[in-house]
Each structure stands twice: as C-alpha cells, then as structure tokens.
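New to this one? Here's a quick briefing to read alongside the sequence and the model.

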Amino acid sequence: MQFKRIKRDISGILLLDKPLGISSNQALQIVKRLFQAAKAGHTGSLDPLASGLLPICLGEATKFSHFLLDSDKSYRALVTLGSTTTTGDAEGEVLERSPVTTTAAELDVALKKMVGDILQVPPMYSALKHGGKALYEYARDGVEITREARPVRIHDITLERFEGNQFEIVVSCSKGTYIRTLAEDIGKLLGCGAHLGGLRRLTTAHFHLDDAVTIEQLEQMSLEQRDEALLGADAAIEDLPQVTIDADSAFYLLRGQEVWKSGLSIEGVFRIYNEQGDFLGIGEQTSRGAIAPKRLLRQTA
C-alpha cells in the first residue's frame, strides 16, 4: 500500500545555496519535499552549471515572488578566453579556438565598455519560450531561432583575478541579464572569443548568499529547525514602504474592501500590517486617498 505524503500549509522564504549539477526546479522539488510544503516556487533560474543564492518561496510567500524575479542580482563569474562553445559555457562543445594575447589594460577597457545600459541577444540555450517551447529545446534539435536583442543594465563589474586565459569578475546587474552572453560579448570585444567557465549568484535584491543554507544542512535539520530557517513572506518586499492600520480597517481590508487612513501619501504599492505587527499583504493608495488591497495573505484564523 502506498501512503500519500501529507502536505503542510507552510509559508515563508528560504534562502538556498543551490549546488552545482542540478536545475533550479530540481532544487525546488527537494526543498518542497523536505518542508512537506503544499506550494512552492523559486525566484529566478540558475543553470545546473551555476550555484549560489536561490530564494525559494513557500505557501503564501509565492504571492510576492515576482518582486524577487524582477530584482537586481549579482554574480561571481569565471570567464575563459580563447574559445567559444555551443552553449556559451563550459558544458558546450568548442566551436572555435583563438590565441589569447589580452593584457590587463585591454581587459579593463573591455569590462568598462560593458557597464551601463546595453543590449543582449538571449542565448539559444535558455529557458525563454518561443511558440510555447523553451529555446534550449530547439537548440538541442539543432534549430536556431531568431532572437531580438533586449535591453539590460550592468550596474558594475569588478575584476577580481586575471591569470593566463581566465579571469574572475563580480557583476551587479538588472533582471534578465545573461552572464553567459556577457562573457561571450567580452570575448568578442577582445577579439579572441570567450565562454563562461563557472557562475555563482551572490545576491538577489537585499538577500545575500552568506545567509543561505545548503541542501545538506537542510537534510540534517529537524522539521522544526527547517521552519525556523524560514523568513517571513514580507521579507521579499521589505524595501517597500510600510503602513499600519487599525483593527476595524484590517477587518474590512481582508474582505477585499477599500479602507480609509488619514494622512496617507505614498506612491506605488506598500506593505500593510495590523496593530499587532502581523503582515496582511500589499496595497496602494487610490485617487481619493483610500487604501485598495492588491495582494493579501490568506487568513487561516
């Protein structure tokens, strides 16, 4: 007889240090199983070749995961000069090799040219959809799809190390940036080609890899200890302004109604709490000064 696993109604955000060799979805499924969670979602894919920070939202926290998907991120990247590959990283087959004569000064100039608002053509080996199918599925079948260049922003690139034909950089960038494409574009600027040798995500929004736990650590914890490792659902949006409302307003707001709060003057969305400090959800100010609910936590009591 097979016993159906009991799913828990657990909510919160786990900062996971995703290991090499598994996809973001595989990591998500492991976390979901360890927490026995009914619902879970991650906040921005990392390739199997990449490791590092992968915030995972459980339960009601998934309602705010898009804030993390849309946030800035930073990475430590190892780039290999002198060869290009089919995938843009070390997993692909080598397409072309060139001698590397790049100097530190030339590399510095190339890196500076990549900082700011740039256009990137998404790689074929990516999860972007075309006709309902991921681009990497076409690539595996040898089919090339025309992709339009997309605007992204590179906030900063810091050169950490340059030895032989490899260099290591820390990149701070906007959502939608492909570090593989960045590595290839740097190689083009230098005239010798390049591919991504390794990648580790350091930050997502205000979250840091230093605060993340590994799958091995999670496996050694009790269920109670795992629950204690979770951040609140509002941790994803702690940069938003905060508004506190009284008990009567909370009662009506949680039933989907607009409520009034005097002296309110906030542009955009904000976090809403009751007088006990419980997070209720997010809302925005209406043209007549009331609070309109946008995304509320499901109330269990």
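What follows is a short tour, going from the whole chain down to a few strands and a helix.

This is a predicted model. The chain has 301 residues, and 47% of them are buried. Its secondary structure comes to eight helices and 18 strands.

**The chain as a whole**

- Taken along the principal axes, the C-alpha atoms fill a box of roughly 70 × 60 × 40 Å.
- If you look at contacts between residues at least 6 apart in sequence, 67% of them join residues at least 24 apart.
- About 15,800 Å² of the chain is exposed, with carbon and sulfur atoms supplying 47% of that area.
- There are 34 positive and 40 negative charges, and the mean positions of these two groups lie 6 Å apart.

**Strand β12 and its partners**

- Strand β12 covers residues 194–204, and it's mostly tucked away, with nine of its eleven residues buried.
- With strand β4 (residues 73–81), β12 pairs in the antiparallel sense over nine bridges. One spot to look at is A77 of β4, whose bridge partner in β12 is L199.
- Strand β3 (residues 50–58) runs parallel to β12, and three bridges join them. L199 turns up here too, standing opposite A50.
- Strand β13 (residues 207–208) is antiparallel to β12, with two bridges between them. Here T204 has F207 as its bridge partner.
- β12 and β13 make a hairpin with two residues between the strands, and A205 there takes a positive phi near 55°.

**A closer look at L202**

- L202 sits in β12. Why does L202 count as buried? It counts as buried because its relative accessibility is 17%, and the cut-off for buried is under 20%.
- Which residues does L202 touch, once you set aside its neighbours within four places in sequence? It's in contact with L53, S74, Y75, R76, V170, F207, H208 and L209.
- For a sense of distance, P48 is 154 residues away from L202 in sequence, while their C-alpha atoms are 16 Å apart in space.

**Helix α5**

- Helix α5 takes in residues 179–190, twelve in total. From first C-alpha to last it reaches 17 Å, close to the 16 Å expected at 1.5 Å a residue.
- This helix is mostly covered as well: nine of its twelve residues are buried. Among them are I179, L182, I186 and L190, along with R180 and D185.
- What covers those buried residues? The cover includes β4 and β12, plus α3 (104–114), β7 (116–120), β10 (150–163) and β11 (166–173).
- As a general point, an α-helix has 3.6 residues a turn, so residues three or four places apart point the same way.
- Just after α5 comes G191, which takes a positive phi of about 80°.

**The five-stranded open sheet**

- Five strands form an open sheet with mixed pairing, in the order β14-β16-β17-β18-β15.
- The edge strands are β14 (242–244) and β15 (259–260), and each of them pairs on one side only.
- β15 runs antiparallel to strand β18 (residues 290–296), and two bridges join them. To find the spot, look for V259, which stands opposite I291 in β18.

Conventions: Residues numbered from 1 in each chain as written. Predicted model: local features only at pLDDT ≥ 70, side-chain atom pairs only at ≥ 80, totals over all residues. Heavy atoms only, no water. Helix = DSSP H or I, 4+ residues; strand = E, 2+ residues; numbered from the N terminus. Buried < 20%, exposed > 50% of the residue type's maximum accessible area, 1.4 Å probe, protein only. Contact = heavy atoms within 4.5 Å. Pairing = 2+ DSSP bridges. Areas by Shrake-Rupley, 256 points an atom, 1.4 Å probe, with all protein chains shown as cover. Lys, Arg positive; Asp, Glu negative; His and termini not counted. Charge placed at Lys NZ, Arg CZ, Asp CG, Glu CD. Expected span 1.5 Å × (residues − 1).
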